[in-house]
Each structure stands twice: as structure tokens, then as C-alpha cells.
Amino acid sequence: MPKQKKPAVVSTGITGLNEILRGGLPASNLYMLQGAPGSGKTTAALQFLRAGVEAGESCIYVTLSQTAAELEAIAVSHGWTLDGIRVEELSTSGAVHEADDQSIFLTADLRLDETRKAIEAAIEEHKPRRLVYDSLLEIRLITGDSPRFRRELIGFKSFLAKRNVVALLLDTQTPGYDRSGEEVEGLAHGVIRFDKSLEEYGGVRRRIEVSKMRGVPIADGYHDMAIREGEGVVVFPRIMASTAPENPKPQLIKSGVAELDEMFGGGQEAGTTTLVIGQSGTGKSTMSSLYATAALERGESVALFLFEERLETFFRRSEGLGMELRQFHKDGKLILRDFNPNEISPGEFGQIVQDAVTQNKSRVVVIDSLTGYLNSLPHREKAVRDIQSLLKYLARSGVLTMLIVAQHGLIGQNVGIDVDVSFLGDTVLLLRIMEHEGRLRRSITVVKKRHGPHDLNVRELLIESGSVSVVAYNPLPDPK
């Protein structure tokens with residue numbers, strides 16, 4: 001049986017959306033972009049047409065709801081121009097030039113007919129490869145009833161199909177508008193929805209859903225998105241663990257401290273996740289600096305993401321322990337990012353981590369701390385599921401991932417974790433701190449290790465100026 005030729009696609013011009021669509025929009029079809037006012041539809045439409053201009057295609061923006069000046073202002077806000085995009089500014093309120101001699105109010109039929117003729121004339125004259133129609137709300141208001149609106153769209157779709165135009169129809173979804181019985185989504189080859197919501201705290205959350213795309217095995221469901229100055233709409237596809245290339249090579253990741261490596265049976269395994277759990281002051285972040293330094297000195301790349309520390313604080317703390325990391329950061333071997341609360345969505349964070357692995361070949365990834373990351377998000381349980389998908393991706397890629405998890409309290413045994421994340425770890429390293437004879441003592445224990453042997457003994461963790469070491473732990477005397 002002859003191999004079928006892959007259908008031609010056109011780029012959406014939107015970072016991340018082409019990936020969800022497995023390359024782009026199937027050519028010569030009609031698509032609907034739906035969303036509430038302010039959700040990013042116009043910006044996305046301009047990106048779609050700009051991608052066409054870059055490909056040398058003729059492009060038209062038919063606007064019934066915005067002026068050419070407003071479109072120009074949106075483009076300028078991102079540092080773009082409308083060069084190569086023809087803007088056809090029309091009106092459904094009676095300003096169509098053929099009806100200028102009317103002495104009475106234009107009827108709905110006449111307004112609709114004149115608007116249709118003006119659009120078709122522009123298409124016939126300029127023969128665009130891409131077209132944006134903004135928006136269907138105005139046509140819906142003119143037609144007044146669903147059957148009539150549907151017939152209008154069927155006729156327009158047929159007109160475009162005969163001319164091989166890829167059309168993007170913007171549809172403003174207003175709150176409370178009853179669209180029952182329209183079923184217009186069935187006419188489109190694909191439907192993309194932009195979602196915009198306000199959480200109880202933090203910024204606006206934006207998401208995208210490709211609710212329909214004929215003949216394309218899309219990555220369905222919601223994906224996080226953002227609107228960035230200079231970039232426009234940016235989409236962050238959900239991490240799919242199955243897309244990561246399987247790395248079958250077994251490798252032991254060492255810390256540079258022989259006694260600590262012995263506790264893990266020689267070292268930690270690549271392709272696993274380690275939870276470093278402890279109270280404040282137990283040395284959790286020191287563990288992350290330790291493994292990062294050892295990997296960098298071996299010539300490997302490392303990615304470290306901070307949610308509680310500033311970059312300068314991290315560098316100074318590490319330098320106090322004899323770990324010089326600034327030069328690795330300057331050379332690009334150490335990817336180091338700090339995040340403010342509420343400034344990043346799970347989808348964007350997952351994309352940043354994925355890029356660190358695929359583009360910078362990072363072999364060790366540290367999230368410090370997972371507690372801080374979860375605290376910055378409104379839906380913590382969902383965030384845990386997102387992290388689980390990310391960890392599976394990193395495991396398939398052969399990366400050692402370290403998650404720093406903070407417990408409540410400073411000293412003592414009555415400590416806990418807000419959200420149970422113990423199931424995320426292949427290995428669990430427990431750090432504790434106790435007071436004994438006027439001195440604080442840190443202990444370290446490998447509580448769990450799924451792969452291979454490990455030491456169950458409790459040892460003492462010594463963090464001193466210029467060094468980190470692990471020694472045999474002398475138990476506290478019996479209080480009796």
C-alpha cells in the first residue's frame with residue numbers, strides 16, 4: 001500500500017500552538033478562534049497573519065469590530081508593524097459605501113448583504129492566502145436568529161473553499177449570551193478556545209484549548225498560555241512524558257562526599273527523583289548545592305530553580321561552603337532561575353524545565369523548594385499532578401531530579417508537610433535537627449530508595465565553613 005502524503009499545514013505564528021497541532025493548521029480550511037474580550041484573540045490573529053507575511057503570502061485582516069488604528073496600536077505595543085497585512089475596515093451599522101444614498105435606516109438584510117459583498121470583493125481583488133475575520137459577533141447581531149446566521153457562515157465557507165483561503169474567524173464569547181441551537185462549531189475545520197480567569201489571588205490565568213481539529217491527533221485538554229510584550233500570545237503545551245526520548249543508560253550520580261554516596265549504595269541513579277525533606281536549617285539547600293557543584297565539576301550541565309532564595313543569596317551561601325558556582329553560571333553550564341510568587345503558571349514552568357533538559361542537556365535538575373512552588377499556586381493538588389508529569393518526563397530523559405521539601409517548625413519532632421508528596425520520590429533523604437547539650441546537631445537518613453541498596457543508619461551532617469561532611473552519628477543519651 002503506497003504511503004499517504006502528509007497534508008500541508010500552515011504555521012499559526014504562535015509559539016507552542018504549532019506543537020499542540022502537530023505542526024500547524026491544515027491548509028485551505030476555515031477555523032474559529034473563540035474567547036472573551038481581552039483573552040488575546042486579536043493578538044493571536046495578528047501573529048497568524050504575520051507568519052503568512054514571512055512565508056511570502058498575501059494576507060487580509062477584515063475588521064468589523066475594530067478600527068485600523070486600534071489594530072496598529074496593538075501591533076506597535078509588541079514592536080510589530082502591519083506591513084504586508086491589508087486591513088479591510090468595514091462597518092455593519094450602515095456605513096458601507098454602496099448604501100450611502102439611503103435616506104432611511106438600513107434593514108438587517110441590506111446591511112448583511114452589503115457587508116458580504118464588500119468582503120468578497122476584497123478577497124477577489126487581493127486573492128489572499130490567509131484571512132482573519134473579526135468578528136462573528138457583529139454578523140450574529142445583524143442576522144438576529146441562529147438558522148440565518150448558520151446559513152450565512154455556510155455560504156462564506158463555500159466561497160473561501162473555492163479560493164483555497166485559510167481563514168481564522170474570531171468569535172467573541174460574551175458572558176450570559178445564549179448560543180443554544182447555533183451549532184456553528186460544526187462548520188469549522190477546527191475550533192480553538194482562549195480562556196481567561198481571575199483566581200482568588202495573583203494575576204490573570206490564561207489557558208488555551210483546541211476543542212476540535214479534524215484529522216489531527218492534537219494534544220487535547222487545557223494548556224497554559226500568556227501574552228508577553230514583544231512576543232504576543234505564547235502557549236506552553238502540557239508536558240507529555242511519552243514524548244521524552246528514553247535514556248536506558250544506567251549512571252550513578254555522585255555528590256562529591258564519599259560518605260554521603262555510600263549511604264546511597266555508591267550514588268544516586270540517573271532517571272530518578274529524590275525528595276530532600278527537612279525543617280528550616282537542616283541543610284536541604286546545601287544538599288542541592290552539593291550535587292550541583294559535583295555535576296558541574298564533572299563537566300555536566302545543571303539547572304537549579306529557586307522559589308525561596310535570591311540568586312545572590314544562593315551564590316553567597318554556596319561560596320561559604322567552598323562551592324564556587326558563579327563562573328559556571330556565566331559560562332552557561334549552570335542554569336539558575338529565581339521566581340517570584342504568582343508570576344509563573346505550571347505550564348510555563350514545565351516548559352522552562354523541559355528546555356533546560358533538551359536544549360542545555362542538563363543532567364541534574366533541582367527545584368528549591370517544591371513547597372515554595374506549590375505555595376505560589378492557587379490549586380495545589382492540580383500543581384502536584386503537573387509536577388508528577390514533569391518528573392516522569394525527566395526520568396525518561398535520564399535526569400536526576402532533586403525536590404527540596406520543607407517541613408513545619410524549626411526544632412523538634414512535631415513536624416509535617418502541607419501536601420503529601422512522598423509518592424513523587426524514588427528516593428527520600430530525611431534531614432533533621434535537634435538540640436543536645438546546648439548545641440544543634442543535624443542528622444541525615446536515607447529513608448527510601450527504590451533502586452538498589454542503601455544505608456538505613458542515621459548519620460550526622462556537618463556543615464562547616466568551607467566544607468560539608470557526613471560522619472557516624474552518636475545517639476543522644478537516654479533522658480532517663
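This passage walks through the fold of a single predicted chain, from its overall make-up to a few local backbone details.

The model is predicted, so local features are taken only at pLDDT of at least 70 and side-chain atom pairs only at pLDDT 80 or more, while totals for chains, interfaces and linings use all residues. Numbering starts from 1 along each chain as its sequence is written, and side-chain values rest on heavy atoms, with hydrogens and water left out.

The chain has 13 helices and 22 strands, where helices (H or I, at least four residues) and strands (E, at least two) are DSSP runs numbered from the N terminus. Of its 480 residues, 51% are buried; buried here means under 20% relative accessible area, exposed means over 50%, and partly exposed is in between, with a 1.4 Å probe and protein chains only. The accessible surface comes to about 22500 Å², and carbon and sulfur atoms account for 50% of that (Shrake-Rupley method, 1.4 Å probe; for residues, only the protein chains shown count as cover). As for contacts (heavy atoms within 4.5 Å), 69% of those with a separation of 6 or more link residues 24 or more positions apart.

Now to the sheets. One open sheet is built from 9 strands in the order β5-β4-β6-β7-β3-β8-β9-β10-β11, with mixed pairing; two strands count as paired if DSSP finds at least two bridges between them. Its edges are β5 (85–89) and β11 (232–236), each pairing on one side only. From one strand to the next the twist averages 25° (axes are lines fitted to C-alpha atoms, for helices over the stretch in contact, and angles run from 0 to 180 degrees between N-to-C directions). Within this sheet, β3 and β8 run parallel and share 5 bridges, with Gly35 partnered by Phe194 in β8. The next pair along, β8 and β9, is antiparallel and joined by 9 bridges; here Lys196 has Arg206 in β9 as its bridge partner. Strand β9 (residues 204–213) is also antiparallel to β10 (residues 222–228), through 4 bridges, and on that side Arg206 stands opposite Met225.

Helix α2 packs on this sheet, touching β3 (30–35), β4 (59–63), β5, β6 (130–134), β7 (166–172), β8 (190–198) and β11, and its direction makes about 165° with that of β6. The α2 helix (residues 41–54) also meets α3 (residues 68–77): the two axes come within 11 Å and cross at roughly 80°. That angle makes α2 roughly perpendicular to α3 (under 35 degrees is roughly parallel, over 145 roughly antiparallel, 65 to 115 roughly perpendicular and the rest oblique). The contact brings Thr42, Thr43 and Leu46 of α2 up against Leu71, Ile74 and Ala75 of α3. These residues divide into 4 nonpolar, 2 polar and no charged, with Ala, Val, Leu, Ile, Met, Phe, Trp, Tyr, Cys and Pro taken as nonpolar, Asp, Glu, Lys and Arg as charged, and the others, Gly among them, as polar.

A further open sheet of 9 strands follows the order β16-β15-β17-β18-β14-β19-β20-β21-β22, again with mixed pairing. Its edge strands are β16 (334–338) and β22 (467–472), each paired on one side only, and the twist averages 20° between successive strands. At the β16 edge, β15 (residues 301–306) runs parallel to β16 through 5 bridges, and Phe305 stands opposite Arg337. Helix α8 (residues 284–297) lies across a set of strands including β14 (273–278), β17 (362–368) and β18 (400–406), running at about 165° to β18. Helix α9 (residues 311–320) lies across β15, β16 and β21, at about 130° to β16.

Gln354 sits in helix α11 (residues 346–358) and, at 11% relative accessibility, counts as buried. Neighbours within four places in sequence aside, Gln354 contacts Ile239 and Tyr393.

A few backbone oddities round things off. The Asp134–Ser135 peptide bond is cis, with omega near 5°, and Ser135 falls in the loop between β6 and α5 (136–143). The bond from Asp368 to Ser369 is cis too, with omega near 10°; Ser369 is in the loop between β17 and α12 (370–375). Arg22, not a glycine, has a positive phi of about 60°. It lies in the loop between α1 (17–20) and β2 (25–26) and is partly exposed at 43% relative accessibility. Ser28, also not a glycine, has a positive phi of about 60°; this residue is in the loop between β2 and β3 and is partly exposed at 26%.
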